[in-house]
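User: Hey, got a minute to walk me through a model? I'd like to know how the inside is packed and where the open space is.

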Amino acid sequence: MSRKFILDIHTHTIASGHAYGTIREMAQAAAEVGIKLLGFAEHAPGIPGSIDPFYYKNLMVIPRKIYGVEILHGCEINVLNNGALSLDQEYIDKLDYGIAGVHQQCYKNVGREQNTDNVLSCMQNDKIFFVSHPDDDRNPLDYERLVQGAKDYHVALEVNNSSLVKKDKRLNCYENYTTMLKLCEKLSVPIIVSSDAHDPSGVGEFTLAEKLLTDLNFNEDLILNISVDRLKNFIGV
């Protein structure tokens, strides 16, 4: 596995309800594979089994470095059909960063243009710095509008390794990522590569995403994972 990518900011612990590692187990796994910065992005309300939002009011008790790995706290917040986020602002304000994402469990496809409108609406929140797995034609998106919106609202778009692993469940994800990444290069929009790990064994697993980026000869200057400082400057931490 390449260690060119030294941070992973989209991971889940047991707090998300359907993941299987504790904070310390995930951090230990990160240390073992050379990840320097690890972000936890527990699922917000709307996903079955997700945590009570009160969780986010006590994040200060968690050490900022565990097993030598720097820790950041985010949340993968659901995009809802009214264009709103599924977490109240009082909790979003406690985060280092927010990730907006469409999930089948709490979203109904309303067509390419309205889906895109809903994502763009959520991207305008000042704490949303990323959009998770914008790759599934079960909820199609207009990639020209999405990438332009990312540029306008200072948001990085994700290449999700887990989506590429589960390509049979993510409709046209390879084709959609190819389209999105070419537009990101054209408009100089940054991307984030994520494992979306739900178990310690998946932390820092970027193999398929790295291969896709290599095959496309994607501009490394637009990849936030290559530098901790680049990522922290992007989200203002």
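Analyst: Sure, here are the ground rules, then the packing, the open space and a few single residues.

Analyst: This is a predicted model, so local features need pLDDT of at least 70 and side-chain atom pairs count only at pLDDT 80 or more, while totals for chains, interfaces and linings use all residues. Residues are numbered from 1 along each chain as its sequence is written, and side-chain values use heavy atoms, with hydrogens and water left out.

User: Ok, which residues touch the most other members in the largest nonpolar core?

Analyst: Leu38, Ile77, Leu87, Met180, Leu181 and Ile191, out of 62 residues in that core. Helix α6 (residues 173-187) supplies the largest share, six residues. A nonpolar core here is a set of buried Ala, Val, Leu, Ile, Met, Phe, Trp, Tyr and Cys residues joined through side-chain atoms within 4.5 Å. Buried means under 20% relative accessible area, exposed over 50%, and partly exposed in between, with a 1.4 Å probe and protein chains only. Helices (H or I, at least four residues) and strands (E, at least two) are DSSP runs numbered from the N terminus.

User: Is there another core, and what does it include?

Analyst: There's a second, separate core of 17 residues, with Ile6, Ile9, Leu231 and Phe234 among them.

User: Back to Ile191, what does it touch?

Analyst: Leaving out residues up to four places away in sequence, Ile191 touches Ala156, Leu157, Val159, Leu181, Cys184, Leu213, Phe218, Leu222, Ile223, Leu224 and Asn225. Contact means heavy atoms within 4.5 Å.

User: And Ser194, buried or exposed?

Analyst: Ser194 is buried, with a relative accessible area of 0%. Ser194 sits in strand β8 (residues 191-194) and touches Asp8, His10, Glu158, Val159, Asn160, Asn161 and Phe206, again not counting residues up to four places away in sequence.

User: Switching to Tyr143, where is it?

Analyst: Tyr143 is in helix α4 (residues 143-153), and Tyr143 is buried at 8% relative accessible area. Met180 is 37 residues from Tyr143 in sequence, but their C-alpha atoms are 5.8 Å apart. Beyond neighbours within four places in sequence, the contacts of Tyr143 include Pro134, Asp135, Asn176, Met180 and Leu183.

User: Now the space. What's in the lining of the largest pocket?

Analyst: The lining divides into 11 nonpolar, 16 polar and nine charged residues. Ala, Val, Leu, Ile, Met, Phe, Trp, Tyr, Cys and Pro count as nonpolar, Asp, Glu, Lys and Arg as charged, and the others, Gly among them, as polar. The largest pocket holds about 630 Å³ of space, and of its 36 lining residues, His103, His133, Lys166, Arg170 and Asp196 are the closest to the centre. α5 gives the most to this lining, four residues.

User: How do you define pockets, cavities and volumes?

Analyst: On a 1 Å grid over the protein atoms alone, a cavity is a set of points where a 1.4 Å probe fits but cannot get out, and a pocket is an open set with protein on both sides within 12 Å along at least five of seven lines; lining residues have an atom within 4 Å of a point. Grid points are joined across faces, edges and corners, and a volume is the space filled by probe spheres set on the points.

User: How many cavities of 30 Å³ or more, then?

Analyst: One. The largest cavity is about 40 Å³, and its lining has six nonpolar, two polar and one charged residues. β2 (37-43) and β4 (69-78) each give two or more residues to that lining.

User: Which way do the β2 side chains point?

Analyst: Leu37, Gly39, Ala41 and His43 point one way, Leu38, Phe40 and Glu42 the other, and all are buried.
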